[in-house]
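Colleague: Hello! I am new to this one, so could you walk me through it step by step?

Modeller: Gladly; have a look at it here, and then ask away.

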Amino acid sequence: MVNDTPRDRRRAQTRTRILDAARARVATGGIDALTLGAIADALDLTAAALYRYFPNKDAVLAAIYDAETGREVADIRAAPGWQIDEVPLRDALTAIVDFQLERQRRHEIAHPTARRLNPLACIEL
């Protein structure tokens, strides 16, 4: 999305505020403490306003996951010795998927009772 109008910029800012509030809620109370109502209350939004951005809790979690993954990929690309632009796309994607699977495995070991995130749960087929 190109943020070229004031409305687009406001929407992007609100979306960022929602994700920041969701991250804070998860950090303090865990995923089970995250509700759309809690986010709306924290940001002084109505539930209807929040639903314009995210249809459910899983969609919020998927957006957080996507944002964090994007940051990780940027970090990987910036790492010394990583030549992503000089290897075949398939090899680069395989390395990124392997990294994410290892990250998930480590998370499951560290937090065995944590709910596993399904970033595709918010997509209606």
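Colleague: Let me start with an arginine: over the face of which residue does R11 lie?

Modeller: Please keep in mind that this is a predicted model. In it, R11 is placed 4.5 Å from the centre of a ring. The residue whose ring face R11 lies over is Y53.

Colleague: Which residue of α1 touches Y53 as well as L45?

Modeller: This residue has its place in helix α1. Its relative accessibility is 15%, and because buried means under 20%, it counts as buried. Leaving out residues up to four places away in sequence, the residue that touches L45 and Y53 is T14.

Colleague: And how many aromatic pairs are there?

Modeller: A pair of aromatic rings is described by the distance of the centres and the angle of the planes. For a pair to count here, the ring centres must lie within 6.5 Å. By this rule the number of aromatic pairs is zero.

Colleague: Stepping back, what pattern does the chain follow along the sequence?

Modeller: The chain has five helices and zero strands. Of its 125 residues, 26% count as buried. Read along the sequence, the pattern is α-α-α-α-α.

Colleague: What share of the contacts between residues at least 6 apart in sequence join residues at least 24 apart?

Modeller: One pair at a longer sequence separation is R23 and V60, which are 37 residues apart in sequence. Their C-alpha atoms are 9.5 Å apart in space. Among contacts between residues at least 6 apart, the share that joins residues at least 24 apart is 56%.

Colleague: Since you mention R23, is R23 exposed, partly exposed or buried, and what is its relative accessible area?

Modeller: R23 is found in helix α1. Not counting residues up to four places away in sequence, R23 touches I64, A67, E68 and R71. R23 is partly exposed because its value falls between the cut-offs of 20% and 50%. Its relative accessible area is 23%.

Colleague: Now for the interior: which helix gives the most to the largest nonpolar core?

Modeller: In soluble globular proteins, nonpolar side chains tend to be buried together. Here the largest nonpolar core has 18 residues, and those with the most contacts inside it are I18, I39, F54 and V60. Helices α1 (6-29), α2 and α4 (57-78) each supply at least two residues of this core. The helix that gives the most, with five residues, is α4.

Colleague: Which residues does V60 touch?

Modeller: V60 is one of the residues with the most contacts inside the core. Residues up to four places away in sequence are left out of its list. V60 then touches L19, A22, L34, L36, I39 and F54.

Colleague: At what angle do the axes of α1 and α2 cross?

Modeller: On the α1 side the contact is made by R17, I18, A21, A22 and R25, and on the α2 side by A38, I39 and L43. The crossing is right-handed. The two axes come within 10 Å and cross at roughly 115 degrees.

Colleague: Which residues of α2 are buried?

Modeller: Helix α2 covers residues 36-43. Two residues of α2 that make the contact with α1, I39 and L43, are on the buried list. The buried residues are L36, A38, I39, A40 and L43.

Colleague: Which residue with a positive phi follows α2?

Modeller: Most residues other than glycine have a negative phi, and most peptide bonds are trans. The residue in question is not a glycine, yet its phi is near 60 degrees. It lies in the loop between α2 and α3, and it is exposed, with a relative accessible area of 72%. The residue is D44.

Colleague: Finally, how far apart are the C-alpha atoms of A47 and G37?

Modeller: A47 has its place in helix α3 (residues 47-51), and at 45% relative accessibility A47 counts as partly exposed. A47 and G37 are ten residues apart along the chain. Their C-alpha atoms are separated by 6.5 Å.

Conventions:
Residues numbered from 1 in each chain as written. Predicted model: local features only at pLDDT ≥ 70, side-chain atom pairs only at ≥ 80, totals over all residues. Heavy atoms only, no water. Buried < 20%, exposed > 50% of the residue type's maximum accessible area, 1.4 Å probe, protein only. Helix = DSSP H or I, 4+ residues; strand = E, 2+ residues; numbered from the N terminus. Core = buried A, V, L, I, M, F, W, Y, C linked by side-chain atoms within 4.5 Å. Contact = heavy atoms within 4.5 Å. Phe/Tyr/Trp six-rings, centres within 6.5 Å; stacked < 30°, edge-to-face > 60°. Lys NZ or Arg CZ within 6 Å of the ring centre and 35° of its normal. Axes fitted to C-alpha atoms, helices over the stretch in contact; angles between N-to-C directions. Left-handed = near helix turned anticlockwise from the far one by under 90°.
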